[in-house]
Amino acid sequence: MHNIVFLDAGSMGDADLSVLADGEIALQCFEYTPTEDIVSRLAQASIAIVNKVQLSAAILQQLPNLKLICIAATGVNNVDLDAAARLGINVCNVRGYANTAVPQHVIALLLQLTNKISQYHRAVANGLWSQSRHFCLLDYPVTELAGKNFVVVGYGALGQASAQLAQAFGMQIIIAEQPDATSCRSGRVPFLSALAQADVISLHCPLNAQTEKLFNQQVLAAVKPGALLINTARGGLIDEAALLRALQNGQLGGAALDVLSQEPPPADHILLSAALPNLIITPHMAWASAEARQRMVVQLKQNIEAFISGKVLNRV
């Protein structure tokens, strides 16, 4: 019998988790787990499932029964992988489950920035259309996407799928080379050169030591004036104070973020309190369509079944 504990199952919303348990597996789900309760809740677990709960070396050292960590996400920076390896704990993640959901959200954010849907909806609800002397209301400028340059930073599965959707709108796709590259691969454009051509920049790269605060004041100053920045990857890719200044001084035409450097953010976060019309923030939900969450559950089940049978799928 394997005991599985899902420490932050509430992050899955209403996804059906019952498929994770069967005759050989006992599943216990906690909506949320504070740091001080992690060890006690995992004390008897052979398998842990976490989405964003932090599993540090100090915590893992106290869990001799733990044999597998299933991360209910693709990003793995919440688990000390070196410590897990030293302790013989396998770690696996889920991949590709949101390859349609995230790109769809990228385009939804982009269309809000260019078509001002929410502003027009509010204007109609507030009676401004009814008061118009004309058949239409044109208070908010709308920008066409056709012919504009869509720059992808991070050309993995999500970057590629987002580029395909952008291309369907008639946009020109530019793939940025890695910022620290000493040479440029075929089909790619040097990082700063790509930014200088960008009408839209979409971020899809991982967060690591090389990419943390990649979009700082210096890099944002190199971006084509008036460009739109979309981030559905990780909040730490952007220096948020520098982003705020770039929006306020007009260097950027707008930004749409599904992620912030701290999640959940404090109520007084500088971007939440900015109240800028050209800044859109959604609560890290680009991945979370009902279909994507259920695909994730299926992958978690496959990872667990493989481990029980002596294999490890999606090993990190």
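Biologist: Which strands does helix 9 lie across, and at about what angle does the helix run to strand 10?

Modeller: This is a predicted model, so every value here is computed from it. Helix 9, residues 240-248, lies across strand 9, strand 10 (252-257) and strand 11. Its direction is at about 135° to strand 10. Helix 6 can be read in the same manner. Helix 6 (residues 157-168) lies across strand 6 (149-153) and strand 7, and runs at about 175° to strand 6.

Biologist: What is the order of the strands in the open sheet, and how do they pair?

Modeller: Read the order across the sheet, not along the chain. The open sheet has six strands in the order 7-6-8-9-10-11, and the pairing is parallel. Strand 7 (172-175) and strand 11 (279-281) are at the edges with a single partner strand each, so one side of each has no neighbour in the sheet. On average, neighbouring strands are turned by 15° against each other, direction ignored.

Biologist: How many bridges join strand 8 and strand 9?

Modeller: Strand 8 and strand 9 are paired over four bridges, in the parallel sense. To place one residue within that picture, take Val-200, whose bridge partner in strand 9 is Leu-228.

Biologist: Now the charges. How many salt bridges does a search of the whole structure find?

Modeller: The search finds five salt bridges. One of them joins Asp-14 and Arg-293, with the closest N and O atoms 2.9 Å apart. Asp-14 is in the loop between strand 1 (2-6) and strand 2 (25-29), while Arg-293 is in helix 10 (residues 290-308), so this pair ties together parts that are 279 residues apart in sequence.

Biologist: Is Asp-14 buried or exposed, and is Arg-293 buried or exposed?

Modeller: For that, compare the relative accessibility with two cut-offs: under 20% is buried and over 50% is exposed. Asp-14 has 67% and therefore counts as exposed. Arg-293 has 11% and therefore counts as buried.

Biologist: What is the N to O distance in the salt bridge of Lys-224 and Asp-199?

Modeller: The side chains of Lys-224 and Asp-199 meet with a distance of 2.9 Å, N to O. This pair links distant parts of the chain, 25 residues apart: Lys-224 is in the loop between helix 8 (217-221) and strand 9 (227-231), and Asp-199 is in the loop between helix 7 (191-197) and strand 8 (200-203). Lys-224 is partly exposed at 30% relative accessible area, whereas Asp-199 is buried at 18%.

Biologist: Where do Lys-301 and Glu-305 lie, and by how much of a helical turn are they separated?

Modeller: Both residues are in helix 10, and because they are four residues apart, about one helical turn separates them. They form a salt bridge whose closest N and O atoms are 3.6 Å apart. That distance is accepted because the cut-off is within 4 Å. Lys-301 is buried at 13% relative accessible area, and Glu-305 is partly exposed at 40%.

Biologist: How many aromatic pairs are found in the whole structure?

Modeller: There are three. To read the geometry of a pair, look at the ring centres and then at the angle between the planes. Tyr-120 and Tyr-140 have ring centres 5.2 Å apart and planes at 90°, so this pair is edge-to-face. Tyr-120 is in helix 5 (residues 117-125) and Tyr-140 is in the loop between helix 5 and strand 6, 20 residues apart. Tyr-120 is buried, with a relative accessible area of 17%, while Tyr-140 is partly exposed at 29%.

Phe-191 and Phe-215 make another edge-to-face pair, 6.0 Å from centre to centre with 75° between the planes. Phe-191 belongs to helix 7 and Phe-215 to the loop between strand 8 and helix 8, 24 residues apart along the chain. Both are buried: Phe-191 has 6% relative accessibility and Phe-215 has 1%.

Biologist: Which residue has its charged end over the ring of Phe-30?

Modeller: Arg-41 does, with its charged end 4.0 Å from the ring centre.

Biologist: Where is Gln-164 placed, and is it buried or exposed?

Modeller: Gln-164 is in helix 6 and is exposed, with a relative accessible area of 55%. Its C-alpha atom is separated by 24 Å from that of Pro-225, which is 61 residues apart from Gln-164 along the chain.

Conventions: Residues numbered from 1 in each chain as written. Predicted model: local features only at pLDDT ≥ 70, side-chain atom pairs only at ≥ 80, totals over all residues. Heavy atoms only, no water. Helix = DSSP H or I, 4+ residues; strand = E, 2+ residues; numbered from the N terminus. Buried < 20%, exposed > 50% of the residue type's maximum accessible area, 1.4 Å probe, protein only. Pairing = 2+ DSSP bridges. Axes fitted to C-alpha atoms, helices over the stretch in contact; angles between N-to-C directions. Contact = heavy atoms within 4.5 Å. Phe/Tyr/Trp six-rings, centres within 6.5 Å; stacked < 30°, edge-to-face > 60°. Lys NZ or Arg CZ within 6 Å of the ring centre and 35° of its normal.
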